[in-house]
Amino acid sequence: MDDCLFCKIIKGEIPSTKVYENDYVYAFMDIAPQAPFHAVFVPKMHIGSPAEINAENSIYVAKIFEAISEVAKSENLEKGFRVVANCGEDGGQTVGHLHFHLLARRYLQWPPG
Ligand code: 5GP
Ligand code: ZN
């Protein structure tokens with residue numbers, strides 16, 4: 001999608017600090033980290049939000065979770081981490097391209113605010 005921020009990051013039109021990449025997934029450090037380690041995992045296909053996941057595109061979600069598991073190992077996050085997908089206005093989604101936050105290296109309160 002031409003005017004999508006994360007599509008531009010995937011294409012390299014906007015610079016980012018890459019943490020992982022394969023044919024399905026791109027992951028990069030969040031520009032406004034909410035934890036000492038905060039990466040964002042996005043599908044390389046434009047999917048608007050978790051509400052748009054379906055049988056045709058869910059392979060991207062599976063690939064993202066495989067990637068999260070790999071990064072958690074390579075970054076030594078054995079103490080734990082949190083995966084978050086915000087959806088829509090009430091869910092606090094600010095970028096309209098499906099993404100999963102990987103937050104780690106501090107104790108994360110539950111439930112969130
Ligand atoms: P959301 O609020 O939609 O769940 O998450 C969007 C995330 O994208 C936010 O955590 C925000 O800090 C991050 N973000 C927004 N613009 C950029 C950018 O240009 N570069 C990077 N690396 N992260 C961004
Ligand atoms: Zn996009």
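A donor, in this tour, is an N, O or S atom within 2.8 Å of the metal. The model to be inspected is predicted.

**The zinc site**

Begin by selecting the zinc ion (ligand 2) together with its protein donors: C4 (SG), C7 (SG), H46 (ND1) and H97 (ND1). These atoms lie 2.1 to 2.3 Å from the ion. Next, display the angles at the metal: the four donor atoms subtend 105 to 115° around the zinc ion (ligand 2), which makes the arrangement tetrahedral. For that assignment, all angles must lie between 85 and 135 degrees. Along the chain, the donors of this ion follow the spacing C-x2-C-x38-H-x50-H.

Now reduce the selection to C4 and H97. C4 belongs to the segment before α1 (5-11), while H97 sits in the loop between β4 (81-84) and β5 (100-104), so the pair ties together parts that are 93 residues apart in sequence. Both C4 and H97 are buried.

**Strand β2 and its partners**

Move to strand β2, residues 25-29. Four of its five residues are buried, so the strand is largely enclosed by the rest of the structure.

Add strand β1 (residues 18-21), which runs antiparallel to β2 and is joined to it by three bridges. The two strands form a hairpin, with three residues between them.

Then add strand β3 (residues 37-43), which pairs with β2 in the antiparallel sense over five bridges.

Finally, centre the view on Y26 in β2. Which residues stand across from Y26 on β1 and β3? E21 is opposite Y26, and V42 is the bridge partner of Y26 in β3.

Conventions: Residues numbered from 1 in each chain as written. Chains lettered and ligands numbered in written order. Predicted model: local features only at pLDDT ≥ 70, side-chain atom pairs only at ≥ 80, totals over all residues. Heavy atoms only, no water. Donors = N, O, S within 2.8 Å, 3.2 Å for Na, K, Ca; no water. Tetrahedral: all angles 85-135°; square planar, octahedral: opposite > 155°, others 65-115°. Buried < 20%, exposed > 50% of the residue type's maximum accessible area, 1.4 Å probe, protein only. Pairing = 2+ DSSP bridges.
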